[in-house]
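Below is a set of questions and answers on one protein model. Each answer works towards the value or name asked for.

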Amino acid sequence: LTVILLECSGNEEFVLPLMLTLMTAKTVGGLFNDDLYHIHIHLKKGVSFLEAEFKSPPRQQDLLAGQIMSDHVIFFRPVEKVGTVVDVLKSCPFLNFPIVDTEDSDLLYGTISSRHYNGRNNKTNNSTF
């Protein structure tokens with residue numbers, strides 16, 4: 001907001017007063033009310049919101065990721081042959097697969113769900129993925 005107001009005024013001498021005023025207003029407003037964005041999230045129905053006091057089940061608090069993960073991770077590359085994707089999806093019971101670029105120091109791009117492919121496969125018989 002400070003940058004927007006600075007651009008509107010066009011005067012760089014107002015940077016420090018604007019920053020101090022906005023920081024003070026946010027701090028004082030936060031003492032009396034929740035943030036406007038949090039209020040709107042709670043008002044909208046159907047928007048999942050993870051509470052700050054989320055507790056994990058008692059038996060799983062001492063588990064480490066290595067205890068439940070597989071040693072052999074099945075992943076896709078950013079550009080993969082359709083036949084390879086189909087074979088992996090048919091042979092694996094997993095629902096999500098990481099997308100890893102092995103040529104760029106194992107950079108993780110994200111994940112893809114098998115539901116994305118199944119939904120696309122049902123809509124079209126095209127062999128592109």
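Q: How many salt bridges does a search of the whole structure find?
A: The model is predicted, so local features need pLDDT of at least 70, side-chain atom pairs count only at pLDDT 80 or more, and totals for chains, interfaces and linings use all residues. Residues are numbered from 1 along each chain as its sequence is written, and side-chain values use heavy atoms, with hydrogens and water left out. A salt bridge is a side-chain nitrogen of Lys or Arg within 4 Å of a carboxyl oxygen of Asp or Glu. The search of the whole structure gives one.

Q: Which side chains meet in a salt bridge, and at what N to O distance?
A: Side chains of opposite charge can pair when their charged atoms come close. Here the partners are Arg 77, partly exposed at 40% relative accessibility, and Glu 80, partly exposed at 22%; the class runs between buried (under 20% relative accessible area) and exposed (over 50%), with a 1.4 Å probe and protein chains only. The salt bridge joins Arg 77 and Glu 80 at 4.0 Å.

Q: Which element gives the most residues to the largest nonpolar core?
A: A nonpolar core is a set of buried Ala, Val, Leu, Ile, Met, Phe, Trp, Tyr and Cys residues joined through side-chain atoms within 4.5 Å. The largest has eight residues: Phe 76, Val 85, Val 88, Leu 89, Cys 92, Phe 97, Ile 99 and Ile 112. Two or more of these come from each of helix 5 (82-91) and strand 1 (96-101); helices (H or I, at least four residues) and strands (E, at least two) are DSSP runs numbered from the N terminus. With three residues, the largest contribution is that of helix 5.

Q: What arc do the buried residues of helix 5 cover around the axis?
A: The buried residues of helix 5 are Val 85, Val 86, Val 88 and Leu 89. Their arc, taken from the directions from the helix axis to the C-beta atoms, is narrow enough to put them on the same side of helix 5. On the other side, Asp 87, Lys 90 and Ser 91 are exposed. The arc of the buried residues is only 165°.

Q: Which residues does Cys 92 touch, not counting those up to four places away in sequence?
A: Cys 92 is one of the residues of the largest nonpolar core. Contact means heavy atoms within 4.5 Å. On that basis Cys 92 touches Ile 74 and Phe 97.

Q: Is Ser 113 buried or exposed, and at what relative accessible area?
A: Ser 113 lies in strand 2 (residues 107-113). Leaving aside neighbours within four places in sequence, Ser 113 contacts Leu 95 and Asn 96. Ser 113 counts as buried because its relative accessible area is 12%.

Q: Is Met 69 buried or exposed, and at what relative accessible area?
A: Met 69 lies in the loop between helix 4 (65-68) and helix 5. Met 69 is exposed, with a relative accessible area of 51%.

Q: How many residues of helix 1 are buried?
A: Helix 1 covers residues 2-9 and is hardly covered. Gly 10 follows helix 1 and has a positive phi, near 75°. Among the eight residues of helix 1, the buried count is zero.

Q: What pattern does the protein follow along the sequence?
A: The protein has six helices and two strands. Of its 129 residues, 12% count as buried. Read along the sequence, the pattern is α-α-α-α-α-β-β-α.
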